Amino acid sequence: MRRFHSISVVISLYVFWLVLSGYFTPFLMTIGLVVSVLVVWFARRMDVIDQEGHPLQLRGGVVNYWPWLVIEIVKSAWTVSKLIVHPRLPITPTLLRVKMSQRTPVGQVMYANSITLTPGTISVAIEADEIVVHALTQAGADDLLAGEMDRRVSACEGLA
């Protein structure tokens, strides 16, 4: 597993190199591969690569999760935009605790960050198996309490 993890990190770094450089000459592609291998080799020797920095357990579920999250962000942004331009500004700020079913730190942070990325909600703190969330409206709080995002993040984590 350690070797597979290292190869995965090398591939990720190499693809990142290619995307950022934008040049595909044999010399630069070779240099990019050599540098990616050397970076991972040095990082392994210094023992600074861990499973959380490059979580392979999320690889399958994230492919399904990201499109859903982008759609949720767009829907929430539209809702918040309508609230802002409404003459009476019909908001009902709410602070609530949301149970989370994630068991790994990567899953918990992914869930908290997903909440914060969605307009109208902000993760304030993670306490044990709960996230303290500030929601702009009661409807946003109710959507969060329904648990769809929690279920989807748990599916990414492989627990659902």
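Contact here means heavy atoms within 4.5 Å. In this predicted model, Glu-130 makes a handy starting point. Leaving aside residues up to four places away in sequence, Glu-130 touches Arg-97, Val-98, Lys-99, Met-100 and Ala-125. Glu-130 itself sits in strand 3, which covers residues 130–135. With a relative accessible area of 18%, Glu-130 is buried, because the cut-off for that label is anything under 20%.

One of those neighbours, Arg-97, deserves a second look. The side chains of Glu-130 and Arg-97 are joined by a polar contact of 3.4 Å, and the two side chains also meet in a salt bridge, with 3.4 Å from N to O. This pair links distant parts of the chain: Glu-130 belongs to strand 3 and Arg-97 to strand 1, 33 residues apart. The two partners get different labels for accessibility: Glu-130, at 18%, counts as buried, while Arg-97, at 46%, is partly exposed.

Arg-97 has another acidic partner as well. Glu-127 forms a salt bridge with Arg-97, and here the closest N and O atoms are 2.5 Å apart. Again the link is between distant parts of the chain, with Glu-127 in strand 2 (residues 121–127) and Arg-97 in strand 1 (residues 94–99), 30 residues apart. Glu-127 comes out as partly exposed, at 35% relative accessibility. That label fits because partly exposed covers whatever falls between buried, under 20%, and exposed, over 50%.

Next comes a salt bridge between Asp-129 and Lys-99, whose closest N and O atoms are 3.7 Å apart. Asp-129 lies in the loop between strand 2 and strand 3, and Lys-99 lies in strand 1, so this pair ties together parts that are 30 residues apart in sequence. As for accessibility, Asp-129 is partly exposed at 30%, whereas Lys-99 counts as exposed at 53%. Lys-99 also turns up among the residues that Glu-130 touches.

Put together, these pairs make up a bigger picture. Arg-97, Lys-99, Glu-127, Asp-129 and Glu-130 are linked in a network of salt bridges. Within that network, Arg-97 pairs with Glu-127 and with Glu-130, and Lys-99 pairs with Asp-129. As for the structure as a whole, it holds seven salt bridges.

How values were computed. Residues are numbered from 1 along each chain as its sequence is written. This is a predicted model: local features need pLDDT of at least 70, side-chain atom pairs count only at pLDDT 80 or more; totals for chains, interfaces and linings use all residues. Side-chain values use heavy atoms; hydrogens and water are left out. Helices (H or I, at least four residues) and strands (E, at least two) are DSSP runs, numbered from the N terminus. Buried means under 20% relative accessible area, exposed over 50%, partly exposed in between (1.4 Å probe, protein chains only). A polar contact is a pair of N or O atoms within 3.5 Å; within protein, one must be able to donate a hydrogen and the other to accept it, and residues adjacent in sequence count only if both atoms are side-chain atoms. A salt bridge is a side-chain nitrogen of Lys or Arg within 4 Å of a carboxyl oxygen of Asp or Glu.
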